[in-house]
Amino acid sequence: MKLEKYNSEVETLHTYCEYFCSHNHMNQQKRTIHHIYKEQQSTIDTMLCDECHDLLCYSFVRLQNCPYEEKPRCRKCKTPCYEKSYWKKVAKVMMYSSVRLTLTHIKDKYFF
């Protein structure tokens, strides 16, 4: 997978997890996640609870190990790499956050 695609996926996961966690969980803590992809090290500052932090770190590891040069959407992938329990958690986070963030973006764009 190209570095630009990886960075885009990481940013999406980060945004969606933070949004989900801030609206559904308590006890968020400021944390820093360090990750490496294709010899480039990156750092992300997050505000997450323990459960969401673990989920995000797990997702980053799975993303780093994706065997495809052109990464498919995880739900359409022929060789899923997520364990079923994690896949369900990520799907819940993505569905919750994508709808609400999209609606917020539309509301901000057209009504204010």
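I began with the aromatic side chains of this predicted model, and noted that ring pairs link Tyr 19, Phe 20 and Tyr 96 into a cluster.

Within that cluster I looked up Tyr 19 and Tyr 96, and found both to be buried. Their ring centres lie 6.2 Å apart with the planes at 40°, so I entered the pair as tilted. Tyr 19 belongs to helix H1 and Tyr 96 to helix H3, so this pair ties together parts that are 77 residues apart in sequence.

I then searched the whole structure for further ring contacts, and the search gave five aromatic pairs. Among them is the pair of Tyr 6 and Tyr 37, which I recorded as stacked, with 4.1 Å from centre to centre and 10° between the planes. Since Tyr 6 lies in helix H1 and Tyr 37 in strand S1 (residues 29-37), the pair ties together parts 31 residues apart in sequence. Both Tyr 6 and Tyr 37 are buried.

Next I checked for charges over rings. The charged end of Arg 100 sits over the ring of Tyr 96, 3.8 Å from its centre, and Lys 89 lies over the face of Tyr 86, at 5.4 Å from the ring centre.

Last, I turned to the largest pocket, for which I noted about 650 Å³ of space. Its lining is made up of 28 residues, and those nearest the centre are Arg 73, Cys 74, Arg 75, Val 90 and Met 94. Helix H1 (3-24), helix H2 (50-64) and helix H3 (84-111) are the elements that each give two or more residues to this lining. Sorted by class, the lining holds 17 nonpolar, five polar and six charged residues.

Definitions and conventions:
Residues numbered from 1 in each chain as written. Predicted model: local features only at pLDDT ≥ 70, side-chain atom pairs only at ≥ 80, totals over all residues. Heavy atoms only, no water. 1 Å grid on protein atoms, 1.4 Å probe; cavity = no way out; pocket = protein on both sides within 12 Å on 5 of 7 lines; lining within 4 Å. Points joined across faces, edges and corners; volume = space filled by probe spheres on them. Helix = DSSP H or I, 4+ residues; strand = E, 2+ residues; numbered from the N terminus. Nonpolar A, V, L, I, M, F, W, Y, C, P; charged D, E, K, R; others polar. Phe/Tyr/Trp six-rings, centres within 6.5 Å; stacked < 30°, edge-to-face > 60°. Buried < 20%, exposed > 50% of the residue type's maximum accessible area, 1.4 Å probe, protein only. Lys NZ or Arg CZ within 6 Å of the ring centre and 35° of its normal.
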